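User: I should like to learn how to read the features of a protein model, one at a time. Please give the general idea first and then the case at hand.

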Amino acid sequence: ELGMCYAAITVVTNYAAGIVKARLSHAEVLAAMKKVEGLLAGYVVGCLALVPAERKCACCEIPSEVKP
């Protein structure tokens with residue numbers, strides 16, 4: 001932990017992965033991502049707008065064993 005706040009965003013592009021034998025092509029994965037591109041962009045922008053200018057979370061307290 002380097003004192004950075006972060007969040008993860010995931011997108012499932014193949015709900016049947018591991019259930020059916022057919023595999024998606026790279027083009028099909030890209031097409032699935034393209035469908036949610038606008039939604040993801042709006043979500044990220046909305047989340048960034050909620051980040052306070054001054055952090056008061058424990059993330060900013062870097063443990064001494066990690067400090068350079």
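Analyst: The dialogue below takes the features in turn.

User: What kind of model is this, and how are its residues numbered?

Analyst: This is a predicted model, in which local features need pLDDT of at least 70, side-chain atom pairs count only at pLDDT 80 or more, and totals for chains, interfaces and linings use all residues. Residues are numbered from 1 along each chain as its sequence is written, and side-chain values use heavy atoms, with hydrogens and water left out.

User: How many helices and strands does the chain have?

Analyst: Helices (H or I, at least four residues) and strands (E, at least two) are DSSP runs, numbered from the N terminus. Here the chain has one helix and zero strands. Isoleucine 9 lies in the segment before helix 1 (26-49), tyrosine 43 is in helix 1, and arginine 55 belongs to the segment after helix 1.

User: What share of the residues is buried, and what is the accessible surface of the chain?

Analyst: A residue is buried under 20% relative accessible area, exposed over 50%, and partly exposed in between (1.4 Å probe, protein chains only). Accessible areas come from the Shrake-Rupley method with a 1.4 Å probe; for residues, only the protein chains shown count as cover. Of the 68 residues in the chain, 1% are buried. The chain has an accessible surface of about 6200 Å², with 64% belonging to carbon and sulfur atoms.

User: Which residues form the nonpolar patch on the surface?

Analyst: A patch is made of residues with over 30% relative accessible area and no salt bridge; like charges are joined within 9 Å, and nonpolar side chains (Val, Leu, Ile, Met, Phe, Trp, Tyr) within 5 Å. In this model, Ile9, Val11, Met33, Tyr43, Val44, Leu48 and Val51 form such a patch, together offering about 600 Å² of accessible area. Isoleucine 9 has a relative accessible area of 46% and is therefore partly exposed; tyrosine 43, at 49%, is also partly exposed. The C-alpha atoms of these two residues are separated by 9.7 Å, although tyrosine 43 and isoleucine 9 are 34 residues apart along the chain.

User: Which side chains meet in a salt bridge, and how are they placed in the helix?

Analyst: A salt bridge is a side-chain nitrogen of Lys or Arg within 4 Å of a carboxyl oxygen of Asp or Glu. The structure holds one, between lysine 34 and glutamate 37 (3.3 Å, N to O). About one helical turn separates the partners, because they are three residues apart in helix 1. Lysine 34 is exposed at 56% relative accessibility, whereas glutamate 37 is partly exposed at 44%.

User: How much space lies in the largest pocket, and which residues are closest to its centre?

Analyst: On a 1 Å grid over the protein atoms alone, a pocket is an open set of points where a 1.4 Å probe fits, with protein on both sides within 12 Å along at least five of seven lines; lining residues have an atom within 4 Å of a point. Grid points are joined across faces, edges and corners, and a volume is the space filled by probe spheres set on the points. The largest pocket holds about 320 Å³ of space. It is lined by 14 residues, and Tyr6, Ala7, Cys47, Leu48 and Val51 are the closest to its centre.
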